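Here are a few exercises to work through with the model open in your viewer. Try each one before you read its solution.

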Amino acid sequence: MGSWQDDVENYGRFLAAHASYEEARAVLLGVPMDYTSSYRPGSRFGPQAIRAASVVLEEYSVVLDEALDSNGVCDLGDLALPFGNVDRALDLMEGAAGRIFSEKKMGGFLGGEHLVSLPLIRAAHGCYPDLVVLHFDAHADLREEYAGESLSHATVMRRVAEILKPHHLFQFGIRSGAQEEWAFAREHTRLFDGDILESLQRILLEVGGLPVYVSLDIDVADPAYAPGTGTPEPGGCTSAELLRVVWAMKGLNVVGFDVVEVCPSVDQGERTAILAAKLVREMLIAHRVRSSR
């Protein structure tokens, strides 16, 4: 496979992800970085928590009428990232994701803070120049800089917007951000207010023929449903609404996705990790047959 897998550490396996890398159509990889977290650190333990919580789930999805065990999923483990070295960590993530995408496998990534999405989307864009990003989050993440840094969980979607074609970044569930972020969004992204499912349904036909990357910050859900996250924001969607969003994307050409910002140290009753694990399961099942348009 190449030397990049030498940088992977095994912390268990996600539910039913038994396939080898060679036979898998979808590949899971943990990206345990939380170097720029501004409120609650600890999301670097998110990938392990999501895997551990996945054992509470059935392999069968009632809604999708498919089982994960027929899905050809490989869980590689977590990338071993150099603690505190943001640039080197981002390079390692981009390299690993680039290998996955270049071999036309769907990449599923477990965070980690939201900055991890940047190298993953860069890698996907390198293989799919027409890439569309669907961003589900409580926060716009469109700042030019945060605390003097241009690379931050608070700037990640600003950097993503600079990579993609104009207006190929679609944002849902956003309910927090600085005034300048909203001004930037009006000019450069497609930011939707209101119900996330209704907003998503409005653009499904528009993006249906394009490669799609889904970036899901778990704090898009209300803290009542996902308390274990770094920057909780009241007023979000329910877990049931979020699952309906995932099911609505079934017809899209999803080439990759991430679920980020699960913070186990503040996750009472593992509610957040279990929700994240179910979202990952449904994403994997929904997109088990993926074209490479």
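**Exercise 1.** Does Arg159 count as buried or exposed, and at what relative accessibility?

*Solution.* Keep in mind that this is a predicted model.
- Step 1: find the residue; Arg159 sits in helix H4.
- Step 2: check the number. Arg159 has 7% relative accessibility, so it counts as buried, the cut-off being under 20%.
- Step 3: look at what the side chain does in there. A polar atom of the Arg159 side chain lies 2.8 Å from the backbone oxygen of Ser150, and the side chain also reaches the backbone oxygen of Glu144 at 3.0 Å.
- Step 4: list the company. Leaving out residues up to four places away in sequence, Arg159 touches Leu118, Arg143, Glu144, Ser150 and Leu151.

**Exercise 2.** Work out how H3 and H4 are arranged, and which residues meet.

*Solution.*
- Step 1: start with the axes. Those of H3 (residues 117-127) and H4 (residues 156-163) come within 9 Å and cross at roughly 15°.
- Step 2: angles under 35 degrees count as roughly parallel, and H3 and H4 are therefore roughly parallel to each other.
- Step 3: add the hand, which is right-handed for this crossing of H3 and H4.
- Step 4: go through the contact. H3 brings Ser117, Leu118, Ile121, Arg122 and His125, while H4 brings Val156, Met157, Arg159, Val160 and Ile163. Sorted by class, that gives 6 nonpolar, 2 polar and 2 charged residues.
- Step 5: think about the spacing. An α-helix has 3.6 residues a turn, so residues three or four places apart point the same way.

**Exercise 3.** Now do the H2 and H3 pair: at what angle do they pack, and how far apart are their axes?

*Solution.*
- Step 1: H2 (residues 86-102) packs on H3 at about 35°, and the axes are 8 Å apart.
- Step 2: the crossing of H2 and H3 is right-handed.
- Step 3: on the H2 side you'll find Leu90, Met93, Glu94, Ala97, Gly98, Phe101 and Ser102, and they meet Pro119, Leu120, Arg122, Ala123, Ala124 and Cys127 of H3. The split here is 9 nonpolar, 2 polar and 2 charged.

**Exercise 4.** Which side chain does the side chain of His135 contact at 3.0 Å?

*Solution.*
- Step 1: place the residue. His135 belongs to strand S7 (residues 132-136), and with 0% relative accessibility it counts as buried.
- Step 2: the 3.0 Å polar contact goes to the side chain of Gln171. A polar contact of 2.9 Å links the side chains of His135 and Asp137 too.
- Step 3: widen the view. Among the residues that His135 touches are His114, Asp141, Met157 and Ser215.
- Step 4: follow up on Asp141, which lies in the loop between S7 and H4. Its phi is near 55°, a positive value in a residue other than glycine, and Asp141 counts as buried at 7% relative accessibility.

**Exercise 5.** Hunt for backbone oddities: where is the peptide bond that is cis, with omega near 10°?

*Solution.*
- Step 1: the cis bond runs from Gly111 to Gly112, and Gly112 is in the loop between S6 and H3.
- Step 2: check Glu270, where phi is near 60°, positive although the residue isn't glycine.
- Step 3: place Glu270 in the loop between strand S11 (253-260) and H8. At 44% relative accessibility, Glu270 counts as partly exposed.

How values were computed
Residues numbered from 1 in each chain as written. Predicted model: local features only at pLDDT ≥ 70, side-chain atom pairs only at ≥ 80, totals over all residues. Heavy atoms only, no water. Axes fitted to C-alpha atoms, helices over the stretch in contact; angles between N-to-C directions. Helix = DSSP H or I, 4+ residues; strand = E, 2+ residues; numbered from the N terminus. Parallel < 35°, antiparallel > 145°, perpendicular 65-115°, else oblique. Left-handed = near helix turned anticlockwise from the far one by under 90°. Contact = heavy atoms within 4.5 Å. Nonpolar A, V, L, I, M, F, W, Y, C, P; charged D, E, K, R; others polar. Buried < 20%, exposed > 50% of the residue type's maximum accessible area, 1.4 Å probe, protein only. Polar contact = N/O pair within 3.5 Å; in protein donor to acceptor, adjacent residues only side chain to side chain.
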